[in-house]
Amino acid sequence: MMDRVKAEKQKIFRSNMITFGIVIIAYIVVELMMQTGNISSLFKGLLVPLCTYSILAVSLNLVVGISGELSLGHAGFMCIGAFSSATWSMLMKSSGMPEGMRFFIAIVIGAVTAAFFGFLIGIPVLRLKGDYLAIVTLAFGEIIKNLVNALYFGVDANGPHFSLEDSMHLNMDGGTIIIKGAQGITGTPKNSNFTIGIILLLIVLFVVLNLINSRTGRAVMAIRDNRIAAESVGLNATKFKLLAFTISAAIAGIGGALYAHNLSSLQALPKNFGYNQSIMILVFVVMGGIGNIRGSVIAAVVLTLLPELLRGLSDYRMLIYAVVLIFMMLCTSAPSWIQYRDRIMMSFKLKSTDGKENK
Amino acid sequence: MYKKQLVRNDEVAKMMSFISYLLNGLSLGSVYAIIALGYTMVYGIAKMLNFAHGDILMVGGYTAFIAFNSLGLPIPVAILVSMVVCTLLGITIEKIAYKPLRQANSLSVLITAIGVSYLLQNLAQLIFSANPKSFSSFVPLKPVKLAGGQLTISGETIVTIVTCIIIVAGLVTFINKTKAGQAMLAVSEDKGAATLMGVDVNGTISLTFAIGSALAAIGGILLCSAYPTLTPTTGAMPGIKAFVAAVLGGIGSIPGAFVGGIILGVLENLAKAYISSKLSDAIVFSVLIIVLLVKPTGILGKKIMEKV
């Protein structure tokens with residue numbers, strides 16, 4: 001019995017190490033390519049977004065895969081993380097604080113603010129189930145985007161000023177306006193780079209993988225598999241679901257902070273923080289395998305690169321992306337397709353064994 | 001005395017502008033309701049969120065545009081062509097993309113629907129380019145002036161509201177009075193039992209998609225008549241809003257979709273007029289959240305008992 005537990009633990013450890021290994025090797029390869037100049041500027045520009053999307057995919061997988069709840073509002077948490085961290089960086093830009101320190105605190109602020117909102121939203125929302133939960137999280141994501149788009153924020157000698165109307169309503173006495181409604185934040189310091197992105201991704205992976213294999217993680221999964229049974233052995237379903245949701249929001253906030261400090265101007269557009277983005281992240285999670293953290297990272301990387309690799313096909317690339325998406329879903333989930341696929345695989349296997357026998 | 005008259009006039013003007021906002025809201029709400037009917041019927045029967053529904057609306061809009069502007073067909077024929085194209089498209093999508101996944105988990109179906117939505121949007125972009133087309137209204141009615149010209153009701157508003165009422169009444173009758181409608185109810189209740197009772201489940205599901213898509217075509221034409229710009233993403237936001245309307249009213253319920261759509265449209269327009277034009281979306285979505293928290297199955301939704 002003990003041996004089996006030990007073997008199981010070793011297996012998990014090995015699997016986790018493979019995940020970290022893949023990320024580190026990918027980092028080394030890309031760094032080497034950069035040193036030798038074998039990398040296009042297009043690809044260089046994609047490196048930080050790749051890390052951002054990987055982090056977001058891991059974050060959403062915690063909710064969708066581990067906690068078993070469908071959330072369509074993760075871009076909202078990313079938005080909160082992005083704007084809160086960028087606001088901090090803008091406030092501290094001329095304070096003389098060391099850049100590394102400032103960025104570190106910005107990331108922490110992004111994570112904490114997003115976690116706070118995740119917690120607030122999670123309390124009412126996690127009472128709902130299935131598709132209703134999905135639509136409410138989608139609604140929250142849209143509300144966040146809408147509010148950020150209307151928000152004006154500035155600081156002067158009298159302290160911070162907020163307005164949802166326009167910059168005139170801030171009643172500023174000199175000072176600087178940081179968030180300008182739909183124009184968002186301009187002039188965010190570009191602190192994000194590939195190395196920091198990879199470090200953050202590794203930290204996130206470490207936290208999530210450890211969480212999954214901890215007592216808490218097993219409780220969350222037990223509730224996912226059978227809520228009533230889990231509650232009957234004394235697990236507080238709401239508490240654990242809320243915990244997973246809050247951690248996931250915090251990670252999404254980290255992704256947002258990374259995203260914000262990679263761009264000099266930050267705006268809450270439907271494209272980057274709308275439900276389309278949430279759906280995009282969900283696509284990463286589902287394609288990578290629900291509940292499979294390593295798969296999420298790989299899917300995020302492949303699916304972000306795919307449209308770029310298809311750039312030569314210009315107008316057709318998103319079309320191909322859509323077809324690939326449908327085809328992949330049918331291949332992996334449709335019973336009739338799976339049967340067909342297995343039959344083809346089987347015939348290949350038979351052929352190869354036939355060949356061996358003939359020798 | 002004169003001053004009193006002025007105040008009265010002012011009040012009348014305020015009242016009239018309120019009524020006109022309300023009517024515009026009812027009209028927008030009717031469009032949402034028509035689209036939401038498709039969402040709700042498909043959800044009721046196939047238990048899937050058909051994210052591509054909004055894009056079928058867009059296809060309906062483009063087809064009508066081509067039929068009317070490029071081919072010069074008369075309006076009723078153009079509407080019919082658009083409905084037929086959307087119906088065929090809906091059935092085809094169901095057969096190719098959704099039917100094989102009927103036994104699969106709901107997330108794979110959701111992602112497939114998203115894939116179909118991307119596919120339709122990008123096909124439209126390839127064919128018609130991303131530049132907006134200006135859609136000429138399909139409603140030949142002249143605006144009606146009431147209260148000595150203080151209140152103008154556009155023809156589109158009247159036609160949209162009337163169409164919506166006719167469609168809802170028609171659908172309710174269809175479901176309750178015809179054999180095919182009863183079959184739909186049976187399939188949405190229990191697919192297995194319906195099969196045992198001799199109901200053609202596949203046919204019924206196809207019929208549902210056909211009706212939903214035809215309604216989307218009508219919704220698309222009405223929407224584009226009132227807001228005359230047509231782009232490949234025209235259907236996206238109304239699609240999401242209609243989905244919200246369906247959930248608000250209680251997904252799976254036809255009167256629910258109607259009620260949800262109307263509430264959503266009126267709320268959106270009044271919020272835009274009286275609270276903040278920028279925050280209208282936030283207000284609409286907040287109402288949805290509040291309703292769902294108080295009544296988790298929507299306004300007219302059925303309570304489903306959970307089996308242990």
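User: Let's start with disulfides. How many are there in this structure?

Analyst: The general idea: a disulfide is a covalent bond between the sulfur atoms of two cysteines. Here the test is a pair of cysteine sulfur atoms within 2.5 Å, and by this rule the count over all chains is zero. Keep in mind that this is a predicted model, where local features need pLDDT of at least 70, side-chain atom pairs count only at pLDDT 80 or more, and totals for chains, interfaces and linings use all residues. Residues are numbered from 1 along each chain as its sequence is written, chains are lettered from A and ligands numbered from 1 in the order in which they are written, and side-chain values use heavy atoms, with hydrogens and water left out.

User: Why is Cys86(B) not in a bond?

Analyst: The closest cysteine sulfur belongs to Cys224(B), and because it sits 11 Å from the sulfur of Cys86(B), that is too far for a bond. Cys164(B) is in no disulfide either: its nearest cysteine sulfur, also that of Cys224(B), is 17 Å away.

User: Are Cys86(B) and Cys164(B) buried or exposed?

Analyst: Buried means under 20% relative accessible area, exposed means over 50%, and partly exposed is in between (1.4 Å probe, protein chains only). Cys86(B) counts as buried at 0%, and Cys164(B) is buried with a value of 0% too.

User: On to the inside. Which residues have the most contacts in the largest nonpolar core?

Analyst: In soluble globular proteins, nonpolar side chains tend to be buried together. A nonpolar core here is a set of buried Ala, Val, Leu, Ile, Met, Phe, Trp, Tyr and Cys residues joined through side-chain atoms within 4.5 Å. The largest one has 154 residues, and those with the most contacts inside it are Phe83(A), Leu266(A), Phe273(A), Leu282(A), Phe51(B) and Tyr98(B). Helix 1 (residues 2-46) of chain B gives the most to this core, with 13 residues. Apart from it lies another core of 43 residues, including Val23(A) and Phe103(A). As for the numbering, helices (H or I, at least four residues) and strands (E, at least two) are DSSP runs, counted from the N terminus.

User: What does Leu266(A) touch?

Analyst: Contact means heavy atoms within 4.5 Å. Leaving aside residues up to four places away in sequence, the partners of Leu266(A) include Phe83(A), Ala86(A), Tyr259(A) and Phe273(A). Now try Thr188(A), found in the loop between strand 4 (185-186) and helix 6 (194-212) of chain A. Thr188(A) is buried at 4%, and with that sequence limit it touches Ala86(A), Met90(A) and Ala260(A), among others.

User: Where do I look for charged pairs, and how many salt bridges are there?

Analyst: Side chains of opposite charge can pair when their charged atoms come close. A salt bridge is a side-chain nitrogen of Lys or Arg within 4 Å of a carboxyl oxygen of Asp or Glu, and that rule gives nine over all chains. One of them joins Glu142(A) and Lys145(A), with the closest N and O atoms 3.2 Å apart. Both lie in helix 5 (residues 130-150) of chain A, three residues apart, about one turn of the helix. Glu142(A) is buried at 2%, and Lys145(A) is buried at 11%.

User: What about Glu268(B) and Lys272(B)?

Analyst: Their side chains meet in a salt bridge (3.6 Å, N to O). The two are four residues apart in helix 10 of chain B, so about one helical turn separates them. Glu268(B) is buried at 4%, while Lys272(B) is partly exposed at 40%. They also belong to a network of salt bridges with Lys241(B) and Asp281(B).

User: Last one, the backbone. What is special about phi in Lys47(B)?

Analyst: Most residues other than glycine have a negative phi. Lys47(B) has a positive phi of about 50° although it is not a glycine. Its place is in the loop between helix 1 and helix 2 (53-70) of chain B, and it is partly exposed at 44%. Ser129(B) also has a positive phi, near 65°, and lies in the loop between helix 4 (106-128) and strand 1 (133-134) of chain B.
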